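User: Please go through this model with me by question and answer. I would like each reply to end on the value or name I ask for.

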Amino acid sequence: MASAPNWSALGKLAGPPIITDLMHRALAEPGLLSLAAGFTDNTALPSSFVSQAVEALANSDNGDEHLQYGSNAGRMKLREITAERVSALDEQPGLIRPDSVFISNGSQQALYLAMLSLCEPGDAIIVEKPTYFVFLEMLAAFGVEAIPLPGSGDGRVDLEALPDFFQQISRKRVKAVYLNSYFANPTSSSLTVLEKKALAREMSLIDWYPPVIEDGAYRELYFQKPAEALSVMAMPEFADFPRLYTGTFTKPFATGLKIGFAICQDHRWREKLLGLKGCQDFGTPNFNQAIIEYALSSGAFDTHLKRLHRHYREKSEVMCEALEKSDLRELGWSWSVPSGGLYYWLKGPDSLDASMESTFCDECLHGKVLYVPGNLCMAGGTPKSFVRLSFGAIAQDQISTAVARFADAARKHIA
């Protein structure tokens, strides 16, 4: 056998993502119903709108420019639309300048570039408790510690504990604060105005202004109305902080297109991000950008988004009904009903171990149902009594059966 390459520091830390194991388990169990996949619903993908966009591009007066390489920062018109759209979400027309926007390969790439630009092994990032588990995996791959904000694990920040928290952390090690603010993965909850103001205030009081990265990937996936809080780009309390806001056009449209965006008001940081991006991909796929640009300009994007609001609200209601009909509450489980996003965040009895290596997880697999262990979403991996159930990808007529299987496993586990 050939000798192993001489790995870099990042190469030594790299390993298969947890999502790979979850997908393998799903494929290895015929008949298994997955409440783990954070995918969007195949039945709700905008096939007709994408077909219209492709036909329109083929007949465009601009020729075949959409089939050529694009710029590193992305299509100018798409950046202008992005600036207008986020400004409208924040109810401040003209807030975002197009030159502060760049288009990325999904919002995940923008988050990766941010970590690449800021962090060395041994550094730390402040996160919520819980937070997006793929982001935690990314930090681990960089050798960066995730430090959780004080809270009980339900997505709410313990405001009374914030002053002591910020006094005690090592500010030299902490390179940024990461906020998953809107209908978050995994809780489907949103940070409140009070929570966001408190975070900015407590850091300002100690004259500390680290970069703030706000992940708005689910911001437009609300059921009836948007979340109340403005973004960090619009809140005056964050005016003195370097800020990066990331979002996506594909989660609320067609995920396979993988078109995200980032807004960075600090031109020095933006140039660093674009320099790293240029080394990575030489520009986000121009054709995919052109499809999104057409969908946004023609109104097809918003027409589809209104359908998604209704579609995921109905699926959430089906899961809510199934959970309430089960005996999970009697067994010591609790949850809140989301107003957006793709997930229910359940807390089991304090003594429960729902991690991937647990007997409870094995019992669920034996019962043909899969979930995401909540400890994957916790910096430090504890507590282990939470689970994430997704209604995004599973067929609506299978949700009740999957929840019943989950409840049966919970019942058997206690017995």
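The turns below treat salt bridges, pockets, a surface patch and backbone geometry in this predicted model.

User: Arg75 forms a salt bridge with which residue?
Analyst: Arg75 sits in the loop between helix H3 (47-58) and helix H4 (76-89), and its partner lies in helix H10 (residues 286-298), so the pair ties together parts that are 218 residues apart in sequence. The closest N and O atoms of the pair are 2.9 Å apart. The partner of Arg75 is Glu293.

User: Is Glu293 buried or exposed?
Analyst: Buried means under 20% relative accessible area. Arg75 meets that cut-off with 13%. Glu293 has a relative accessible area of 10%, so Glu293 is buried.

User: In the salt bridge of Arg268 and Asp266, what is the distance from N to O?
Analyst: The two ends of this bridge fall in separate accessibility classes: Arg268 counts as exposed at 58% relative accessibility, whereas Asp266 counts as buried at 11%. Their side chains meet in a salt bridge with an N to O distance of 2.8 Å.

User: Lys412 and Asp408 are separated by about how much of helix H13?
Analyst: The side chains of Lys412 and Asp408 meet in a salt bridge at 3.1 Å, N to O. Both residues belong to helix H13 (residues 399-414). Because Lys412 and Asp408 are four residues apart there, the separation is about one helical turn.

User: Which residues are joined with Lys412 into one network?
Analyst: Lys412 is exposed, with a relative accessible area of 54%, and Asp408 is partly exposed at 27%. Salt bridges that share partners link Lys412 into one network with Asp327, Asp408 and Arg411.

User: How many salt bridges does the count come to?
Analyst: The general basis is that side chains of opposite charge can pair when their charged atoms come close. The rule applied here asks for a side-chain nitrogen of Lys or Arg within 4 Å of a carboxyl oxygen of Asp or Glu. By this rule the count is 22.

User: Which element gives the largest share of the lining of the largest pocket?
Analyst: The largest pocket has a volume of about 630 Å³ and is lined by 23 residues, with Gly38, Tyr132, Tyr218, Lys251 and Lys258 nearest its centre. The elements that give two or more residues to this lining are H5 and helix H6 (133-142). The largest share is four residues, and it comes from H5.

User: How many charged residues are in the lining of the second largest pocket?
Analyst: The second largest pocket, of about 420 Å³, is lined by 21 residues, among them Thr187, Ser189, Ser336, Val337 and Pro338 nearest its centre. Strand S9 (334-335) and strand S10 (343-347) are the elements that give two or more residues to the lining. By class, the lining has nine nonpolar and eight polar residues, and the number of charged residues is four.

User: What is the area of the nonpolar surface patch made by Leu10, Leu13 and Tyr112?
Analyst: Tyr112 belongs to helix H5 (residues 106-118). At 30% relative accessibility, Tyr112 counts as partly exposed. Together with Leu10 and Leu13, Tyr112 makes a nonpolar patch of about 220 Å².

User: Which residue does a cis peptide bond join to Asn185?
Analyst: One cis peptide bond joins Lys129 and Pro130, with omega about 5 degrees, and Pro130 lies in the loop between S3 and H6. Another cis bond involves Asn185, with omega about 25 degrees. The residue joined to Asn185 is found in the loop between strand S5 (174-179) and helix H8 (193-205). That residue is Pro186.

User: Near what value is phi of Lys258?
Analyst: Phe183, in the loop between S5 and H8, has a positive phi near 45 degrees although it is not glycine; Phe183 counts as buried at 2% relative accessibility. Lys258 is found in the loop between strand S7 (243-248) and strand S8 (260-264). At 42% relative accessibility, Lys258 counts as partly exposed. Its phi is also positive in a residue other than glycine, near 50 degrees.

Conventions. Residues are numbered from 1 along each chain as its sequence is written. This is a predicted model: local features need pLDDT of at least 70, side-chain atom pairs count only at pLDDT 80 or more; totals for chains, interfaces and linings use all residues. Side-chain values use heavy atoms; hydrogens and water are left out. Patches are made of residues with over 30% relative accessible area and no salt bridge: like charges are joined within 9 Å, nonpolar side chains (Val, Leu, Ile, Met, Phe, Trp, Tyr) within 5 Å. Accessible areas come from the Shrake-Rupley method with a 1.4 Å probe; for residues, only the protein chains shown count as cover. Buried means under 20% relative accessible area, exposed over 50%, partly exposed in between (1.4 Å probe, protein chains only). On a 1 Å grid over the protein atoms alone, a cavity is a set of points where a 1.4 Å probe fits but cannot get out, and a pocket is an open set with protein on both sides within 12 Å along at least five of seven lines; lining residues have an atom within 4 Å of a point. Grid points are joined across faces, edges and corners, and a volume is the space filled by probe spheres set on the points. Ala, Val, Leu, Ile, Met, Phe, Trp, Tyr, Cys and Pro count as nonpolar, Asp, Glu, Lys and Arg as charged, and the others, Gly among them, as polar.
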